[in-house]
Amino acid sequence: MRWAEPSLWADRTPVESAVASAHRAGQAEYPLGYRGAVTIVDRQYGGRAVSERKAERRQRFLDAAIRTFAERGYANCSLADVCTAAGLSKRQFYEEFQTREDVLIASYDYIQDQSAAVVGQAVAALGPGTDIADGLTAVLTAFIGSISSDPYRAKVAFVEVVGVSERMEHHRRERRHAWAAAIEALLITIAGPDIRVRGGITWAASALIGAINGVAHEWILADPRPPITQLVEVLAPIATSLIITET
């Protein structure tokens, strides 16, 4: 099977669009307490726009949360620990988030969004005539590579967010649905709109995502960790087997 002729790979890929639209729906249902949606006059302070300073400060909180939760475990960290790691105050924290769980969810979304962007770039780099197995291998390599490039991010995405609360589990499910939409867009890009998937896209995507999560979890805990090529060698045949090729 070969990749279908792409109709449009400009600006945003179908994969990125699917993830982005589903993510926006999840955010609308579960606001994270981030105050960035409030209109702020873009004043200059110290030669820099207020919005620029807020974005930088929020990113410092996310980076600190990812590192701290990964090193010590989410359950063992306090809001004060995140503020200390970020070098910022609690007052500044509450200008961006409402709770410690809010910054965990925002960190998780940040990791997922970064991975979606990398996957989108991988899809865009694949042209017509690419073999389906090669294409899926390239996409899986991009995703696993994005997550594994920073073990802190991997630990937060696959370990620390699990079982935190009912709200967190619901949010993780929303993100899985976002990835299911992305996988559907990817498969349509591969083989066209008439592609058939074993069990339907919802169950097939759930199976693939479950496999990825399980392999990634074991990779994080392994010592030494195997190269990501070994993970992809396990996952690529699973992904390929979900597509029905018989006529």
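Leaving aside its neighbours within four places in sequence, which residues is Val156 in contact with?

**View 1. Val156 and its contacts in the predicted model.** Zoom in on Val156 and set aside anything within four places in sequence: what's left in contact is Ile66, Phe69, Ala70, Leu104, Ile111 and Val161. Val156 also belongs to the largest nonpolar core, where Val156, Phe61, Phe69 and Phe143 touch the most other members.

**View 2. The largest nonpolar core, with 64 residues.** Pull back a bit from Val156 and the rest of this core comes into the picture. The elements giving it two or more residues are α2 (50-72), α3 (79-86), α5, α6 (132-148), α7 (151-160), α8 (166-191), α9 (201-221) and α10 (228-241). As a general backdrop, nonpolar side chains tend to be buried together in soluble globular proteins.

**View 3. Glu96 in the loop between α4 (90-94) and α5 (100-124).** Here's an acidic residue to look at: Glu96 counts as buried because its relative accessibility is 0%. Its side chain makes a polar contact of 3.1 Å with the side chain of Lys54.

**View 4. The whole chain, for orientation.** Starting at the N terminus, the elements go α-β-β-α-α-α-α-α-α-α-α-α, which adds up to 10 helices and two strands. The chain has 247 residues, and 43% of them count as buried. Take the contacts with a separation of 6 or more, and 76% of them are between residues 24 or more positions apart. As for the outside, the accessible surface is about 12,400 Å², with 53% belonging to carbon and sulfur atoms.

Key. Residues numbered from 1 in each chain as written. Predicted model: local features only at pLDDT ≥ 70, side-chain atom pairs only at ≥ 80, totals over all residues. Heavy atoms only, no water. Helix = DSSP H or I, 4+ residues; strand = E, 2+ residues; numbered from the N terminus. Buried < 20%, exposed > 50% of the residue type's maximum accessible area, 1.4 Å probe, protein only. Polar contact = N/O pair within 3.5 Å; in protein donor to acceptor, adjacent residues only side chain to side chain. Contact = heavy atoms within 4.5 Å. Areas by Shrake-Rupley, 256 points an atom, 1.4 Å probe, with all protein chains shown as cover. Core = buried A, V, L, I, M, F, W, Y, C linked by side-chain atoms within 4.5 Å.
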